[in-house]
Each structure stands twice: as structure tokens, then as C-alpha cells.
Amino acid sequence: MASSTLICDTEPWKNLRAHVEDIKKTHLRDLMSDTKRCQSMMVEFDGLLLDYSRQCATLETMDKLFKLAEAANLKQKIGRMYNGERINSTENRPVLHVALRAPRDSVIQSDGKNVVPDVWKVLDKIRVFSETVRSGSWVGATGKALTDVISVGIGGSFLGPLFVHTALQTDPEASKFAKGRQLRFLANVDPVDVARNITGLNPETTLVVVVSKTFTTAETMLNARTLREWISAALGPSAVAKHMVAVSTNLTLVEQFGIDPNNAFAFWDWVGGRYSVCSAVGVLPLSLQYGFSVVEKFLKGASSIDQHFYSAPFEKNIPVLLGLLSVWNVSFLGYPARAILPYSQALEKFAPHIQQVSMESNGKGVSIDGVPLPFEAGEIDFGEPGTNGQHSFYQLIHQGRVIPCDFIGVVKSQQPVYLKGEVVSNHDELMSNFFAQPDALAYGKTPEQLQNENVPQHLIPHKTFSGNRPSLSLLLPSLNAYNIGQLLAIYEHRIAVQGFVWGINSFDQWGVELGKSLASQVRKQLNAAQMKGKPVEGFNYSTTTLLKRYLEASSDIPSDPCTLLPQM
Ligand code: F6P
């Protein structure tokens, strides 16, 4: 039975509630003119610079947020995570993704056992396997080297690796190592995604990596069976042994699927799906594409932030500051969304990854003890790289709803371009926007300014910008594998901080289950109707009507049930 105190019943929470009135009387235009305040809202660590001076917060707000952290036992909760305690109580699991990138000689215990040697055993296996494949020593069924990889997985077994792959693709060092190789991701069970993935690939030179923590996810398993068929149809069933490997915690199911357990790469229950990019889930496909040495740098970047998060005082702790400010924005200022705006095309898949990490972690309605929350937890994350977003949804951000923005910028471009005669380099052009947008949001533009510019009276309301819209800026020195690891870990820990403060379980995801079980009823109905002519029954009027329409009109089922693969 649920019993514990909710964070909203504590004094620090109530003090922050009362403090909202003080903040409502301020404007970022004024807050930004206080240099002392701004100075103390800059934090540097390991080449990164966080500037949170454009948050609607004063030093008093920060002080109150630190008190809230204390009331939430944030320090202790972080400690319990690193100590391998079973903090994911509804699944009775520790939460130890920090162990995935811990240095070889470190000690991280789970159930009295140091898990770091197990982690490195798998990493070493990946190093050897990926080198064997990349060097051409491991060949396919017809003796050809395997130059292309399709990673089959969804959710946490897809989004993190895709983000990192997209970010590394244009990194000069990583791209050199990837010459002549391709890495693709098959996630959606939509056959169109199968078609897109196999188009242009030759099964003779393709390695399929099936990535699934549970090895039961419906979409992934059907896609895995589809690619198994694609390989067998072209090369014969015995080719599967050479062309398919797996990443999973469920090695029994891997073997039952027909993949040699020697070609399976393990991870553990204490790695949450959305926190698994540093396990074999990400490390195997990325090492096949870029070589293990590049991926090791990525792990080192994440590990650097892990140490910072564990040991830095809260006033200088980047994930803690970010997490507390998000709680402030969501729970006190009432802003339910957050825009993630990297000024780097290489980070185009960062927001989709963070959507899962954040919304699957913190989109909860009850406390960790099962008490309904009288406040909203979690936020709606979305984003696009700047400047593309500027020409799309920024209108709403500037003059519509208030959405706290994360501006992420990079000092040195992965791919510098200079054109003779241009005023600035192409990267400078991009970054001019990165530096300008936060001020546009913070300061806005007043009717008086517009009048002084002789703007016609009837346009003044349309051209006025209220300003006072919070954002923060995170400046990375460059975007190499190390920095990508840092960025990942900052967001992972920030989201954990939010969950720890809200007092929820950020590491389970029961909310995805109901839809899955209803889909399985529909699957049974479709099969019964199509194969045995059974009528549609057991559904409400709406679903029955839709299903009947689908069954009457669907034409993609072959009349004889022979295997059909995409024809492109
Ligand atoms: O449906 C959500 C989810 O359970 C995620 O949490 C997970 O990342 C994804 O499915 C994939 O699961 P698996 O790796 O077990 O296939």
C-alpha cells in the first residue's frame, strides 16, 4: 500500500510555489543585465560550457531548487543508483548503465558482485568480432567480406544507436574508419521499412544484427524473421549462421531463433532499454561500422560525465542543474514542453532519442510508491536541428506558447566550409543563429521599439515579441565520439534527476504495455478473419467498423500464403 510523502508536500516545494509570484514579476531583459547573476549561471566541465542565465530564475530560485533536491534526497538517490541498489522497484532491478562505460579497473557492485569485468568481457568480444568482420576474415556464405550491416531493433534498441551513428557519420576520424561500409537500421514493422533497408544491399555482403533486450518484441522478431527469410531465400538456410548475430539479455531465445550463441552479445537486466546505447546494443553495430577504438572514445566521454554527475557539487553539476531547472519549468512555471535544438545536422537524431529517454522515463502519473501525483511529471520533448527548426516551429516558440529551449552548439564544425568572398564561414553562419536565438527569446521586442522603427500601427501587435522565454545554451568544443558520449550522459542523468526529484520511477515503462496487448487481440482477429473467414467480433463499434473496412479492402495479402518479400 502506498504511503510515502510526496515531494509536493515538503516545505521546499511549497516555498518554490510561493516563489513563482516573485519570478512572474521579473523579465529576462532585466535578469540578463545582472552580470553577477549571469556569471554564476555558467558552468564549465571537461571542455563543455553550460549557460543557464536565460532561465526564468534568480539566484534565490537556484537556492530554493537546491533545497528541493535535498528534500528529495537527490544525493542519496544518485548514490543508490551507482551502488547497484534495486531502485527500479516495480521491476526489481538495479539501474547501472553507468557500469557500461566504467573504466576497466573500476568496481561497480550489483548484488555483491562487481559487474565491470562482465561488461569488459562483452566489450572485448565485440572488439575481436568487429575487427574480424571489418578485416574481411569473417566472410559470408559465398566467401565475400561483410561490408554492410542492418541493425534490427526498436525503441531503446534502435534510437540511441541511430543517434550516435548519425552523429559519427560526418566526424572525420569516424568516417575514415567507415569507408566502404554501410550501417542501416530496421525498426518499424512496416514492410516499407524492410524495403528501404534491403534496397541496394546484397545478402552476400550483409550482416544482420538482431538487437532486442527481451528477444520477444513483436516488431523486432517479425523483422528479424523477414531478414532471415531474405538471407535464406538468396543463400540457403545454412547462410543464416554467417549472416546473423544477436544482442540480447535472453540468450536462450537467441539460440531458439537459430543464431549461434557464440555469435550473441549479452547485456543485463540492469540495463534499461532506453539506457542501453553503451551496451552491446549500440557498441556492436557502431564498432562494426567505425571500429572499436572510435566507440571506446564515445564510452569514455559518457564515463567522464558519469564521474562528474556522481561527484561534482550540485552548484557545478551539469546534469543536476539541468534536471532541477526542468522541474522548475514543468512543475512550477507550468511549461509542459521542452525543445531540443542542436545547431548541428549531425545531431539530427538526438531529439528523437531523448524523446524516448525522457518521455518513457518520466511520463508517469504515480509516485514510485504508487501514489497518484497531484502534479504533472515529465514533459513533451521535441526538436529539430537549427536552423531548420527556425523555418518551421520557431514561430510558436517566439510568439505563441512558451517552450523552454535547449540550444546545443558546437565550436568546431566536423566539416568546415569556407567560401572565398563570403563574410563568414558556413559554420559561423549557422552559429550566428545559435547565439542570436536565445536573446530573441529572452528579450523579445516591445511595441515602443517598433514605434521607433516606424512600424505601421496596425502591424505592431503582430510584430511584438513578449520575450521572457527561457532557454539554456550548451556549447561543446567539437563533435567527436568523446563529445557525443558526454552529451548522451548529460541528458540521461538530467532525466534521472527529474525523476528522482518528482519521486517517480524513471526506469520502468508500464505505459507501453496496454497498446501491445490490444494489438495482439487484433492480430488474432486478422488471422482468424483472413485465414478462416471468421467474422469480426469482440470489439467496439468503432474498431469493428474500421477492421471490417480494412479486411474488405486490404489487398496486400497474397491469395496463396507464399512468402513475399519487398519488390524494389
Ligand atoms: O515498447 C517499449 C520497449 O519496451 C522499450 O522500453 C524498449 O526499448 C523497446 O520496447 C524494445 O525492447 P527490446 O529491446 O526488448 O526489443
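These are my notebook entries on a sheet, a helix pair, some backbone details, two cavities and a pocket in a predicted model.

**Entry 1: the sheet**

I began with the strands and traced an open sheet of 6 of them, in the order β1-β2-β13-β12-β10-β11, with mixed pairing. At its edges I found β1, residues 42–45, and β11, residues 380–382, each of which pairs on one side only. I also looked up the turn between neighbouring strands of this sheet, which averages 15° when direction is ignored.

Working inward from the β1 edge, I noted that β1 runs antiparallel to β2 (residues 48–51) and that 4 bridges join the two. Within this pair, Glu44 has Leu49 in β2 as its bridge partner. The hairpin that β1 and β2 form has 2 residues between the strands, and there I found Asp46 with a positive phi near 50°.

On the next step across the sheet, β2 pairs with β13, residues 471–476, in the antiparallel sense over 3 bridges. I picked out Leu50, whose bridge partner in β13 is Leu474.

I then went to the β11 edge, where the pairing with β10 (residues 337–342) is parallel and is made over 3 bridges. Here Arg338 and Asp381 are bridge partners, with Asp381 belonging to β11. I kept Arg338 in mind, as the residue comes back among the lining residues of a cavity in Entry 5.

As a reminder to myself when reading side chains off the strands, in a regular strand they alternate between the two faces of the sheet.

**Entry 2: a helix pair**

How do α1 and α4 lie relative to each other? I looked up their axes first: those of α1 (residues 11–24) and α4 (residues 59–71) come within 9 Å and cross at roughly 160°. The two helices are therefore roughly antiparallel to each other, given that angles over 145 degrees are counted in that class. I added that the crossing in which α1 passes α4 is left-handed.

**Entry 3: backbone details in loops**

Following the chain on from α4, I came to Asn73 in the loop between α4 and α5. Asn73 is not a glycine, yet its phi is positive, at about 55°.

In the loop between β11 and α17 (394–399) I stopped at Thr387. The peptide bond that joins Gly386 and Thr387 is cis, with omega at about 5°.

**Entry 4: the largest cavity**

I next looked for enclosed space, and a search of the whole structure gave 2 cavities of 30 Å³ or more. The largest cavity holds about 60 Å³ of space. Which helix gives the most to its lining? That is α6, residues 116–135, with 4 residues. Elsewhere in the lining I noted, among others, Leu100, Phe267, Trp268, Cys278 and Ser279. By class, the lining of this cavity has 10 nonpolar residues, 1 polar and no charged.

**Entry 5: the second largest cavity**

The second largest cavity contains about 50 Å³. Its lining divides into 5 nonpolar, 3 polar and 3 charged residues, whereas the lining of the largest cavity has no charged residue. Arg338, Asp406 and Arg494 are among the residues that line the second largest cavity, as are Gln55, Pro404 and Leu472. Both α15 (318–332) and β12 (405–410) supply at least two residues of this lining, and the largest share, 4 residues, comes from α15. For the link to Entry 1, I recorded again that Arg338 has a bridge partner in β11, namely Asp381, and that β12 is one of the strands of the open sheet.

**Entry 6: the second largest pocket**

My last search concerned open space, and I read about 390 Å³ for the second largest pocket. Of the 25 residues that line the pocket, the closest to its centre are Ala72, Lys77, Ile368, Phe500 and Gly503. At least two lining residues come from each of α5 (74–82) and α21 (481–502), and α21 provides the largest share, 4 residues. The classes in this lining are 11 nonpolar, 10 polar and 4 charged. I set this beside Entry 3, since Asn73, with its positive phi, sits in the loop between α4 and α5.

Terms used:
Residues numbered from 1 in each chain as written. Predicted model: local features only at pLDDT ≥ 70, side-chain atom pairs only at ≥ 80, totals over all residues. Heavy atoms only, no water. 1 Å grid on protein atoms, 1.4 Å probe; cavity = no way out; pocket = protein on both sides within 12 Å on 5 of 7 lines; lining within 4 Å. Points joined across faces, edges and corners; volume = space filled by probe spheres on them. Nonpolar A, V, L, I, M, F, W, Y, C, P; charged D, E, K, R; others polar. Pairing = 2+ DSSP bridges. Axes fitted to C-alpha atoms, helices over the stretch in contact; angles between N-to-C directions. Parallel < 35°, antiparallel > 145°, perpendicular 65-115°, else oblique. Left-handed = near helix turned anticlockwise from the far one by under 90°.
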